[in-house]
Structure formats: structure tokens, C-alpha cells
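Me: I should like to examine the terms applied to this model one by one. For each term, please set the value against its definition and then conclude.

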Amino acid sequence: MIRQMFTSNEYQDVIASTSDLSVVKGIKIYPNPAQDFVVIQAGTQLQLEASIYDLSGRLLHKTRLSPNGRVSISNLANGAYIFIIEDEAGKQGSKKLIVNK
């Protein structure tokens, strides 16, 4: 479920729950905690979109990637983030991502 969290144009819609990525079948994100990058391993050939939000709901990074893609997080400070994956069929899942450098 997507809900508008803030009314300012600075913030984006985010998933209100932190459900497991099983919504998008076969997705694995590692390492977690991470330092400079995370690898997204998918059991699908669909194109994926990865978004990283801080805990206040601000979109920090968004990218399209292949089923076995890599996302740089070197610009993120230590802390907790919400990592959201969406496939081209519109299925979404989220996972807490810890950055610990």
C-alpha cells in the first residue's frame, strides 16, 4: 500500500509497511549491513527499480537495474534506510537497509 507521507513536494510516496521482499519473488539484497554497495539478486528477468528512502520518507536514491544489479550506497551516512524494489509488473517490496561504514 502506498500512502502520501508528506504534503511538501520534497517528499515522495513510500510504502507504509516494511514487508519482506517476498512480494517481489526471489529478491535477495546483500550484504546487510552494507558499506559501499548492495547487490540485488532476483529470480526474475523483469527490469527492477530500486529506491532508497531515509526514515523520514525522503527519497535519497532511485535507479533502474538488471535482475542481478548492484547499487552504490557510498554516499549514504551510517544509519537505517528503507530499500524498496519494484518490478515492471508493479509488484513492490521493502526491506530495512543498514549502512555501517
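**Terms and values**

Me: What makes G90 notable in the hairpin of β8 and β9?
Reply: G90 takes a positive phi near 90° in this hairpin, which has four residues between its strands. Most residues other than glycine have a negative phi.

Me: On what basis are such values reported?
Reply: This is a predicted model, in which local features need pLDDT of at least 70 and side-chain atom pairs count only at pLDDT 80 or more, while totals for chains, interfaces and linings use all residues. Residues are numbered from 1 along each chain as its sequence is written, and side-chain values use heavy atoms, with hydrogens and water left out.

Me: How many helices and strands does the protein have, and how are they assigned?
Reply: Helices (H or I, at least four residues) and strands (E, at least two) are DSSP runs numbered from the N terminus. By that rule the protein has zero helices and nine strands, and the elements run β-β-β-β-β-β-β-β-β from the N terminus on.

Me: How do you know that β5 and β8 pair?
Reply: Two strands pair if DSSP finds at least two bridges between them. Six bridges join β5 to β8 (residues 79-87), so the criterion is met. β5 and β6 are likewise paired, over six bridges in the antiparallel sense, and eight bridges join β8 to β9, which run antiparallel. One bridge partner pair of β8 and β9 is I84 with S94.

Me: What is the strand order of the resulting four-stranded sheet, and which strands are its edges?
Reply: The order is β6-β5-β8-β9, in an open sheet with antiparallel pairing. The edge strands are β6 (59-65) and β9 (92-99), each of which pairs on one side only. Neighbouring strands are turned by 20° against each other on average, direction ignored; the angles run from 0 to 180 degrees between N-to-C directions, with axes fitted to C-alpha atoms.

Me: Why is E49 called buried?
Reply: Buried means under 20% relative accessible area, exposed over 50%, and partly exposed in between (1.4 Å probe, protein chains only). E49 has a relative accessible area of 19%, and is therefore buried. This residue is found in β5 (residues 48-53), where its bridge partners are R64 in β6 and E86 in β8.

Me: What makes the pair E49 and R64 a polar contact?
Reply: A polar contact is a pair of N or O atoms within 3.5 Å; within protein, one must be able to donate a hydrogen and the other to accept it, and residues adjacent in sequence count only if both atoms are side-chain atoms. The side chains of E49 and R64 are joined at 3.5 Å.

Me: Is D54 buried or exposed, and which residue does its side chain meet in a polar contact?
Reply: D54 is buried, because its relative accessible area is 11%. It lies in the loop between β5 and β6, and its side chain makes a polar contact of 2.8 Å with the side chain of R58. Contact means heavy atoms within 4.5 Å; D54 touches L60 and Y81, not counting residues up to four places away in sequence.

Me: What makes a group of residues a nonpolar core, and which residues have the most contacts inside the largest one?
Reply: A nonpolar core is a set of buried Ala, Val, Leu, Ile, Met, Phe, Trp, Tyr and Cys residues joined through side-chain atoms within 4.5 Å. The largest has 18 residues, and those with the most contacts inside it are V38, I40, V71, I73, F83 and I85. β4 (37-41), β5, β8 and β9 each supply at least two residues of this core. Leaving aside neighbours within four places in sequence, V71 is in contact with residues including V38, I40, A50, I52 and F83.

Me: Which strands form the three-stranded sheet?
Reply: Its order is β3-β4-β7, an open sheet with antiparallel pairing. The edge strands are β3 and β7 (68-72), each pairing on one side only. Three bridges join β3 and β4, and I29 stands opposite I40 in β4.

Me: Where are the cis peptide bonds at P31 and P33?
Reply: Both P31 and P33 lie in the loop between β3 and β4. The cis bond joining Y30 and P31 has omega of about -10°, and the one from N32 to P33 has omega near 15°. Most peptide bonds are trans.
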